[in-house]
Amino acid sequence: MILVGLTGGIGSGKSTVSAALAQRGAIVIDADELVREVQQAGSPVLRKVAQRFGQQVIAADGSLDRGALAAIVFTEDEDGTALEDLNGIVHPAVGAEMNRRVMEQVATDRVVVLDIPLLTENPRGGLQAIIVVDVPIETQVARLVQFRGFDEADARARIARQATRTQRLATADFVVHNTDSIESLQPQIDALWVSLHELPHLPADFQFGGRADPNTRSG
C-alpha cells in the first residue's frame, strides 16, 4: 500500500481531484463522507451533537439539519468553542472508521488517498506524502457563492476557520493548481499519479492511527 493525504480549502475543487485519482485506480477514503455516515439519524454521534447544540439541529425526520448546525458553528460562535466541541464529538468516530478502512488495504499494492479537508489542522501519522489542491482565496469565495449558494460573508467566514493558504502549502509534497479549467487539471493529475507510484510501499505490518506532528512523514 502507498498511503497519501489529500487536502485543500473549501471551494478549492478537492473533490474533483479526488474523483480523478479514483478514476485512475486509487482507493479514496473521504473524511466528509465518513462524517455523514457517523452522523446518520439515530447514531450515537448525532445524539451527542443534539445534546451539545440543542434539538434545533435535528430535522423533522431525525436527520442532522446541517444548515442549523453550521449557523451555530460558523456564524454565531466567535471564539471557536462550538467548532472545537463539534470536532471533539465527530472526529474520534471518523478517525476510528478511517483507520479500519486503511488497514483493510495494508497488504495490497493500491494507492490509498485520505481525502481530509482539515489535514493541515489535524495532521495524521503514517502518510508518505501530502497533496494540496491550491487556489487563491478569491477563487474559493467566487466558487462558494456561484456553485454552493453561500453569501460572500458566510463564504469568507468558512475560509477563515480553516488553515491559511500559506500554512496548507507549507505541508505539501505535491501541489495541484486548480484555478483554471478541468482540461488544465488533467495533465497535473496524470503527472501526480506517476509520482505517487514512485513512493515506496508500506510494509505489511504497518499500523495506521493517531495524530502526528505536521512536519513528519513516514516512508
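User: What makes the contact between α2 and α5, in terms of residues on each side?

Analyst: On the α2 side you've got Ala-31, Glu-33, Leu-34, Val-35, Glu-37 and Val-38, and they meet Val-90, Ala-93, Val-94, Glu-97, Met-98 and Arg-101 of α5. Sorted by type, the residues of this contact come out as eight nonpolar, no polar and four charged. Bear in mind that this is a predicted model.

User: At what angle do helix α2 and helix α5 pack, and how far apart are their axes?

Analyst: Helix α2 covers residues 31–38 and helix α5 covers residues 81–104; they pack at about 115°, with the axes 9 Å apart. As for handedness, the α2/α5 crossing is right-handed.

User: Let's pick one residue from there. Why is Ala-93 called buried, exposed or partly exposed?

Analyst: Ala-93 sits in helix α5. Its relative accessible area is 25%. Buried needs under 20% and exposed needs over 50%, with partly exposed in between, so Ala-93 ends up as partly exposed. Skipping its neighbours within four places in sequence, Ala-93 has contacts with Val-38 and Val-45.

User: How far apart are Ala-93 and Thr-75 in sequence and in space?

Analyst: They're 18 residues apart in sequence and 25 Å apart in space, going C-alpha to C-alpha.

User: Try the same test on Thr-120. Why does Thr-120 count as buried or exposed at its relative accessibility?

Analyst: Thr-120 comes in at 16% relative accessibility. The cut-off for buried is under 20%, so Thr-120 counts as buried. You'll find Thr-120 in the loop between β3 and β4. Leaving out neighbours within four places in sequence, Thr-120 touches Thr-7, Ala-163, Gln-167, Arg-168 and Thr-171.

User: Now the other helix pair. Why are α6 and α7 called parallel, perpendicular or oblique to each other?

Analyst: Start with the value: helix α6 (residues 137–148) and helix α7 (residues 152–161) have axes that cross at roughly 130° and come within 9 Å. Roughly perpendicular runs from 65 to 115 degrees, and roughly antiparallel needs over 145. The crossing fits neither label, so α6 and α7 are oblique. Their crossing is right-handed.

User: Which residues of α6 and α7 make the contact?

Analyst: From α6 it's Ile-137, Glu-138, Gln-140, Val-141, Leu-144 and Val-145, and from α7 it's Glu-152, Ala-155, Arg-156 and Ile-159. By type, the residues of that contact divide into six nonpolar, one polar and three charged.

User: On to the sheet. What is the order of the five strands in the open sheet?

Analyst: The order is β2-β3-β1-β4-β5, and the pairing is parallel.

User: What makes β2 and β5 edge strands?

Analyst: β2 (27–30) and β5 (174–177) each have a single partner strand, so one side of each has no neighbour in the sheet. The twist averages 25° from one strand to the next.

User: How do you know that β1 and β4 pair?

Analyst: Count the bridges: a pair needs at least two. Strand β1 (residues 2–8) and strand β4 (residues 129–134) have five bridges, in the parallel sense. Bridge partners include Thr-7 with Val-132 of β4 and Gly-8 with Val-133 of β4. Val-4 has Ala-129 of β4 as a bridge partner.

User: Which strands does helix α1 touch where it packs on the sheet?

Analyst: Helix α1 (residues 14–23) touches β1, β2, β3 (111–115), β4 and β5, and its direction makes about 155° with that of β1. Helix α9 (residues 182–197) lies across β1, β3, β4 and β5, at about 165° to β5.

User: How many bridges join β1 to β3?

Analyst: Five, with the strands running parallel. Val-4 stands opposite Val-113 in β3. Over at β4 and β5, which also run parallel, four bridges do the joining, and Asp-134 has His-177 of β5 as its bridge partner.

User: Why is β4 called largely enclosed?

Analyst: Six of the six residues of β4 are buried, so the rest of the structure largely encloses the strand. Ala-129, Ile-131 and Val-133 point one way, Ile-130, Val-132 and Asp-134 the other, and all are buried. That pattern is no surprise, because side chains in a regular strand alternate between the two faces of the sheet.

User: What makes β1 mostly covered?

Analyst: Seven of its seven residues are buried. Ile-2, Val-4, Leu-6 and Gly-8 are buried on one side of β1, and Leu-3, Gly-5 and Thr-7 are buried on the other, leaving both faces covered.

Terms used:
Residues numbered from 1 in each chain as written. Predicted model: local features only at pLDDT ≥ 70, side-chain atom pairs only at ≥ 80, totals over all residues. Heavy atoms only, no water. Axes fitted to C-alpha atoms, helices over the stretch in contact; angles between N-to-C directions. Helix = DSSP H or I, 4+ residues; strand = E, 2+ residues; numbered from the N terminus. Parallel < 35°, antiparallel > 145°, perpendicular 65-115°, else oblique. Left-handed = near helix turned anticlockwise from the far one by under 90°. Contact = heavy atoms within 4.5 Å. Nonpolar A, V, L, I, M, F, W, Y, C, P; charged D, E, K, R; others polar. Buried < 20%, exposed > 50% of the residue type's maximum accessible area, 1.4 Å probe, protein only.
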